[in-house]
Amino acid sequence: QVQLVESGGGLVQAGGSLRLSCAASGSIFSINAMGWYRRAPGKQRELVAGITSGGSTNYADPVKGRFTISRDNAKNTVYLQMNSLKPEDTAVYYCNADITQAISFRTRDYWGQGTQVTVSS
């Protein structure tokens, strides 16, 4: 079984910073792409940032220049550093990872439980 556990959400004032973490655990052979998504109230889930196993990154336009995604392969962890936060960044943030399981070598997407980020004006 594979699990993704997120941490680091909370309440912050506009202009502030937060750092989200997401650790994968369980029967893992390899972790391929990882990413962060968010769902704001009344909106569909959207990609925030992604990172490949080789470290290539991509960002949604609204967060470019403010958010930074990174990963620590030794710890099976992906991070999202969020700076200059705006009220419109308020959402539930979800971690996603494309993981190949050990033993079965099946590859599938896994999701974290979500962590709330609230930015006050």
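This briefing covers the disulfide, the salt bridges and one sheet of the structure above. The structure is a predicted model. A search of the whole structure finds 1 disulfide and 4 salt bridges, and an open sheet of 4 strands is also described below.

**Disulfide**

- The disulfide is formed by Cys22 and Cys95, whose sulfur atoms lie 2.1 Å apart, and the link is left-handed, with -80 degrees about the S-S bond.
- Because Cys22 belongs to strand S3 (residues 18-26) and Cys95 to strand S9 (residues 91-101), the pair ties together parts that are 73 residues apart in sequence.
- Cys22 is buried, and Cys95 is buried as well.

**Salt bridges**

- Side chains of opposite charge can pair when their charged atoms come close.
- Arg38 forms a salt bridge with Asp89, with 3.0 Å between the closest N and O atoms; Arg38 is in strand S4 (residues 28-39) whereas Asp89 is in the loop between strand S8 (77-82) and S9, so this pair ties together parts that are 51 residues apart in sequence.
- Asp89 also meets Arg66 in a salt bridge, at 2.8 Å from N to O; since Asp89 sits in the loop between S8 and S9 and Arg66 in the loop between strand S6 (57-59) and strand S7 (67-72), the parts tied together here are 23 residues apart in sequence.
- Salt bridges that share partners join Arg38, Glu46, Arg66 and Asp89 into one network.
- Within that network, Arg38 and Asp89 are both buried, and Arg66 is buried too.
- The side chains of Asp61 and Lys64 meet in a further salt bridge, at 3.0 Å from N to O, and Asp61 counts as exposed because its relative accessibility is 60%, which lies over the 50% cut-off.

**Sheet**

- Strands of a sheet pair through backbone hydrogen bonds, either parallel or antiparallel.
- The open sheet of 4 strands follows the order S1-S3-S8-S7, and its pairing is antiparallel.
- Strand S1 (2-7) and S7 are the edge strands, each of them pairing on one side only.
- On average, and with direction ignored, neighbouring strands of this sheet are turned by 15 degrees against each other.
- S7 and S8 pair in the antiparallel sense over 6 bridges, and Arg71 stands opposite Val78 in S8.
- Strand S3, which holds Cys22 of the disulfide, has its place in the sheet order between S1 and S8.

Key. Residues numbered from 1 in each chain as written. Predicted model: local features only at pLDDT ≥ 70, side-chain atom pairs only at ≥ 80, totals over all residues. Heavy atoms only, no water. Disulfide = S-S within 2.5 Å. Helix = DSSP H or I, 4+ residues; strand = E, 2+ residues; numbered from the N terminus. Buried < 20%, exposed > 50% of the residue type's maximum accessible area, 1.4 Å probe, protein only. Pairing = 2+ DSSP bridges. Axes fitted to C-alpha atoms, helices over the stretch in contact; angles between N-to-C directions.
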